[in-house]
Amino acid sequence: MAFFRHPQALVETDDIGEGTRVWAFSHVMNGATIGRDCNIGEHCFVEKGAVLGNNVTVKNQVSIWAGVRIDEGAFIGPNASLTNDLRPRSRQANWTLRETHIGQGATIGANATIVCGISIGSFAFVGAGAVVTGNVRAHALVYGNPARLHGFVCRCAEPLTFTGARGVCAACHRQYHKDPQGYVHDA
Amino acid sequence: MAFFRHPQALVETDDIGEGTRVWAFSHVMNGATIGRDCNIGEHCFVEKGAVLGNNVTVKNQVSIWAGVRIDEGAFIGPNASLTNDLRPRSRQANWTLRETHIGQGATIGANATIVCGISIGSFAFVGAGAVVTGNVRAHALVYGNPARLHGFVCRCAEPLTFTGARGVCAACHRQYHKDPQGYVHDA
Amino acid sequence: MAFFRHPQALVETDDIGEGTRVWAFSHVMNGATIGRDCNIGEHCFVEKGAVLGNNVTVKNQVSIWAGVRIDEGAFIGPNASLTNDLRPRSRQANWTLRETHIGQGATIGANATIVCGISIGSFAFVGAGAVVTGNVRAHALVYGNPARLHGFVCRCAEPLTFTGARGVCAACHRQYHKDPQGYVHDA
């Protein structure tokens, strides 16, 4: 097979792309979908029904549940928590699964918590330890408990500086445009 | 034996009830007490001296220490942290164990932190990412860092609406009574 | 060998001191440095380039990355998160490692998050669930998200009471001195 499995990892899915690596004490269930060139750290769990795109990084001690979709190139920090039940109780047969979507290239910081039913925009940056309870816009920087908007970041994760509607990254000089609704786009 | 142990789990206690399941890479020590029909997720640890009632759900990456008692039907979310030493230092021989009690049917949200020495009331709901530093009343909804009271929830976890002392659940229509001290009881 | 390795632990380094114990489902990489009489809990990960002094305690589900240095006698609580990249994105070849230093005898509480590039002073106490985003002084007590200074603690972790520049621990009677810049020292 063209993916790498540490001898101490359990990988039961066949739907896993070339170049992906799964490290020690992690478990990927049958029915999980994982793209190419992903890196799944140690002590992770990927449940049946979870979907990861290509080039996703998942650091250690993260569980990715059914109903979570992580797009290409996203980064999930260590000990980050995802969920799929807004009002969990033990042994409820008829609970409602709520989906969570992590957009392309987004970052979920270490130990952050993502309440289910929301969408994290592409290239957004959720700070370490944040508790996210609502949708996050593309390129937004959010942190705190509850997480609040504190600015916008570049694809490279450095802060953007705006002059009117025009934003630029001081690090890589990529340019952006902020529309009248406050959403940030490539210029 | 009448409980299920994943081949990659370590279960050393004999005090574990029928129908309980322990999943991969989890470790239940000798001297732990676990009831019937519990579900212990992956990468969990249950220490000697921890006590779980029947029908308890523990999601992934949770450690349950000596001095923690979890009553029937409680739910512990992924990456939630429990503790048993209020002022830990490394290699202190004579530290003081402080007990924590999680009441019947309570929910501890994903990545929440429960400081030791407190009691979480029955059917209380600790939101995801909360840091709980004091007792939580039965049916209370708490969240934030530090966790504050934000209302009350039904056994089914949906919010309760009060008219004077009388509360009702919009979802399941169960009725409750709030006493003059602000505690919520079955009507 | 003079250290203890649980049969389900992976220990690849030779640079590990006498009396140190590594528990189930933990993984210490080749290139990690670990002192004497440490206790590494379950589901931990110690990366190549991480350095732990003597008598360090690491509770369960903690990852210690390259660039993290933990001095003698520090305590890292369960599910605590350390980091080494301030602006992580997936699959960035040229990211910048930022170091983190945990001082002698310090405590990092359960589920706390330590953003990289900072120093935690000796005998400091980071409360459970705190999100630390800046340097912490010796003997400081910090908690919250973001973590703020809320007082000072003794080597024994009990609070210090100051009368002018002179501090004393009510529990063990050890004495301290606060200098004009607000730093606390042994008296």
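**Exercise 1. Determine how many residues of chain A are in contact with how many residues of chain B, and describe the interface between these chains.**

Solution. With contact taken as heavy atoms within 4.5 Å, 29 residues of chain A touch 38 residues of chain B. The model is a predicted one, in which local features need pLDDT of at least 70 and side-chain atom pairs count only at pLDDT 80 or more, while totals for chains, interfaces and linings use all residues. Residues are numbered from 1 along each chain as its sequence is written, chains are lettered from A and ligands numbered from 1 in the order in which they are written, and side-chain values use heavy atoms, with hydrogens and water left out.

The next step is the area. Chain A and chain B bury about 2,300 Å² between them, and carbon and sulfur atoms give 49% of this; buried area is the accessible area (1.4 Å probe) that two parts lose on being put together, summed over both. In chain A, the residues that lose the most area to chain B are Arg87(A), Arg89(A) and Arg91(A), which together make up 32% of what that side buries.

**Exercise 2. Find which side chains meet in a salt bridge between chain A and chain B, and place them in their chains.**

Solution. A salt bridge is a side-chain nitrogen of Lys or Arg within 4 Å of a carboxyl oxygen of Asp or Glu. A search of the whole structure gives nine salt bridges over all chains, and the count between chain A and chain B is one. The partners are Glu158(B) and Arg87(A), at 3.2 Å from N to O. Glu158(B) lies in the loop between strand S21 (148–152) and strand S22 (160–163) of chain B, and Arg87(A) in the loop between strand S13 (81–82) and strand S14 (100–102) of chain A, so the pair joins two chains. Strands (E, at least two residues) and helices (H or I, at least four residues) are DSSP runs, numbered from the N terminus.

Polar contacts are then counted, each being a pair of N or O atoms within 3.5 Å; within protein, one atom must be able to donate a hydrogen and the other to accept it, and residues adjacent in sequence count only if both atoms are side-chain atoms. Across the interface of chain A and chain B, 23 residue pairs are in polar contact, both residues being at pLDDT 80 or more. On the side of chain A that touches chain B, 13 residues are nonpolar, 13 polar and three charged; here Ala, Val, Leu, Ile, Met, Phe, Trp, Tyr, Cys and Pro count as nonpolar, Asp, Glu, Lys and Arg as charged, and the others, Gly among them, as polar.

**Exercise 3. Describe the interface of chain C and chain A.**

Solution. Here 29 residues of chain C are in contact with 38 residues of chain A. The buried area is about 2,300 Å², with 49% on carbon and sulfur atoms. Arg87(C), Arg89(C) and Arg91(C) lose the most area of chain C to chain A, together 32% of what that side buries. One salt bridge is counted between chain C and chain A, and the side chains of Glu158(A) and Arg87(C) meet in a salt bridge at 3.2 Å, N to O.

**Exercise 4. State which turn lays chain A on chain B, and what relation it expresses.**

Solution. Copies are superposed by least squares on the C-alpha atoms of residues with pLDDT of at least 70 in both. A turn of 120° with a shift of 0.0 Å along the axis lays chain A on chain B with an RMSD of 0.0 Å. That is the relation of a three-fold axis. For chain C on chain A, a rotation of 120° with 0.0 Å of shift along its axis gives an RMSD of 0.0 Å.

**Exercise 5. Locate the cis peptide bond from Asn145(B) to Pro146(B).**

Solution. The bond from Asn145(B) to Pro146(B) is cis, with omega near 0°, and Pro146(B) is placed in the loop between strand S20 (140–143) and S21 of chain B.
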